[in-house]
Amino acid sequence: MKREEEEEEEIIQESSLRHLLEKKTLKWIFVGGKGGVGKTTCSCCLAVQLSKVRKNVLLISTDPAHNLSDAFNQQFTKNPTQVNGFDNLFAMEIDPKVVDTEEFLSEGMEGLEGSNPQIPGFLKNITQSIPGIDEAMSFAEMMKQVQMMEFEVIVLDTAPTGHTLRLLAFPSMLSSGLNKVFELKNQYAGLFQQFSGMLNLGINLDQMTEKFEKMKKVIEEVNKQFTDPELTTFVCVCIPEFLSLYETERLIQELAKFEMDTETIVVNQVLYPEKESNCGLCNARSKIQQKYLDQINDLYGYDFHIVKLPLLDHEVRGTSKLEEFSKLLLKKK
């Protein structure tokens with residue numbers, strides 16, 4: 001009986017996000033889950049706490065429906081902007097689809113001898129034959145820009161589960177697509193140059209290949225970092241309801257396929273009715289939530305850090321409220 005109590009106590013002691021703050025090697029922290037469960041609030045709070053123990057922190061929203069500006073009551077753009085009230089916390093809102101493929105391909109080809117203004121459009125038509133290449137190439141450019149910024153740790157507030165899984169699939173998908181391009185180049189390089197000369201396209205095949213090679217190296221490095229548990233982890237956010245719990249399980253299984261580390265679950269919007277409360281709705285909802293909280297503990301209690309955050313009677317908006325709410329991430333319950 002005493003041993004069981006010790007194990008129970010051990011689980012309770014681990015029920016915080018303190019391990020993420022203490023793991024100094026972490027470079028990428030993804031925060032994701034079903035839509036409407038409080039991912040943005042959790043990622044903002046985590047970034048706030050990280051800013052207290054790290055040199056500098058970058059918080060990125062990859063959700064097209066950005067909420068960081070609303071959370072901090074401050075306007076953010078696609079460029080890192082210092083968060084009011086912090087010296088080392090920056091935030092930016094970007095769309096992985098924002099980079100235009102034609103513009104991306106034309107970059108670095110300007111000034112080539114015999115270059116033709118139709119080259120970017122021609123290359124775009126070729127690359128578009130690869131499914132999802134637009135988003136994947138935009139992702140590659142985005143990651144290259146982020147890496148050049150040299151922040152010590154980067155927190156990504158991701159889109160709902162389906163979009164996030166597609167985002168995480170981009171590195172392997174683009175790497176596979178580029179390998180196919182290189183195979184075709186090696187097989188048909190001579191024919192392609194003749195074809196280019198006949199149409200007066202003026203394409204320098206070696207220059208184009210060099211550009212794709214650079215992009216491939218970025219993708220391989222990103223993919224290597226994403227699958228390294230010392231550098232990357234994924235924080236799953238859910239609420240104690242059936243659909244959210246089901247989607248969290250699906251997300252964890254998919255992350256395992258990507259070989260991405262995930263050992264943290266944040267259960268948000270937990271209702272704690274006052275003792276001897278006469279609120280029938282509150283007690284009924286609490287009883288329903290408790291059923292799913294028990295399931296979460298049974299499924300993940302011994303392998304995951306499970307953090308439970310309360311449902312509040314006010315919105316968590318603005319720096320002061322986010323900082324106050326972020327303290328709950330570190331409480332051992």
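This passage walks through the fold of a single chain, from its overall make-up to its sheet, its cores and a few individual residues.

The model described here is predicted. Its chain has 333 residues, of which 48% count as buried. The secondary structure comprises 12 helices and 8 strands. Among the contacts in the chain with a separation of 6 or more, 78% are accounted for by residues 24 or more positions apart.

A good place to begin is the sheet. It is open, contains 8 strands with mixed pairing, and follows the order S3-S4-S2-S5-S1-S6-S7-S8. S3 and S8 (305–310) stand at the edges, and each has a single partner strand, so one side of each lacks a neighbour in the sheet.

At the S3 end, strand S3 (residues 81–82) is joined to S4 by 2 bridges, and these two strands run antiparallel. Within this pairing, Gln82 has Phe90 of S4 as its bridge partner. S3 and S4 form a hairpin with 6 residues between the strands, where Gly85 adopts a positive phi near 95°. On to the next pairing: strand S2 (residues 57–61) and S4 run parallel and are joined by 5 bridges, with Leu59 standing opposite Ala91 in S4. Strand S4 itself (residues 89–93) is mostly covered, as 4 of its 5 residues are buried.

Towards the S8 end, S6 and S7 run parallel and are joined by 4 bridges. Here Cys238 has Val267 of S7 as its bridge partner. Strand S7 (residues 264–270) also pairs with S8 in the parallel sense, over 5 bridges, and Val266 finds its bridge partner in Val307 of S8. In S7, 6 of the 7 residues are buried, so this strand is largely enclosed by the rest of the structure. Helix H10 (residues 242–257) lies across S1, strand S6 (232–238) and S7, and runs at about 165° to S6.

The nonpolar interior comes next. In soluble globular proteins, nonpolar side chains tend to be buried together. The largest nonpolar core here has 38 residues, and Leu46 and Phe72 touch the most other members. The element that gives the most to this core is helix H3 (residues 39–50), with 7 residues. Apart from its neighbours within four places in sequence, Leu46 is in contact with Leu17, Leu20, Leu21, Ile29, Val31 and Leu329. A second core, separate from this one, has 33 residues, including Ile154, Leu156, Val218 and Ile296.

Helix H3 also packs against another helix. Its axis and that of helix H12 (residues 319–326) come within 9 Å and cross at roughly 80°. Angles of 65 to 115 degrees count as roughly perpendicular, so H3 is roughly perpendicular to H12. On the H3 side, the contact is made by Thr41, Cys44, Cys45, Val48 and Gln49, and on the H12 side by Leu322, Glu323, Phe325 and Ser326.

One further residue of helix H3 deserves a look, namely Lys39. Is Lys39 buried or exposed? With a relative accessible area of 8%, it falls under the 20% limit and is therefore buried. Leaving aside neighbours within four places in sequence, Lys39 is in contact with Val31, Gly32, Gly33, Lys34, Asp157, Thr158, Ala159, Pro160 and Val237.

Aromatic rings complete the picture. A pair of such rings is described by the distance of the centres and the angle of the planes. The structure holds 7 aromatic pairs. In one of them, Trp28 and Phe226, the ring centres are 5.5 Å apart and the planes stand at 85°, so the pair is edge-to-face. This pair links distant parts of the chain, since Trp28 belongs to strand S1 (residues 28–33) and Phe226 to helix H9 (residues 205–226), 198 residues apart. Trp28 and Phe226 are both buried. Together with Phe30 and Phe234, Trp28 and Phe226 form one aromatic cluster.

Note on methods. Residues are numbered from 1 along each chain as its sequence is written. This is a predicted model: local features need pLDDT of at least 70, side-chain atom pairs count only at pLDDT 80 or more; totals for chains, interfaces and linings use all residues. Side-chain values use heavy atoms; hydrogens and water are left out. A nonpolar core is a set of buried Ala, Val, Leu, Ile, Met, Phe, Trp, Tyr and Cys residues joined through side-chain atoms within 4.5 Å. Buried means under 20% relative accessible area, exposed over 50%, partly exposed in between (1.4 Å probe, protein chains only). Contact means heavy atoms within 4.5 Å. Two strands pair if DSSP finds at least two bridges between them. Rings of Phe, Tyr and Trp (its six-membered ring) pair if their centres lie within 6.5 Å; planes under 30 degrees apart count as stacked, over 60 as edge-to-face and the rest as tilted. Axes are lines fitted to C-alpha atoms, for helices over the stretch in contact, and angles run from 0 to 180 degrees between N-to-C directions. Angles under 35 degrees count as roughly parallel, over 145 as roughly antiparallel, 65 to 115 as roughly perpendicular and the rest as oblique.
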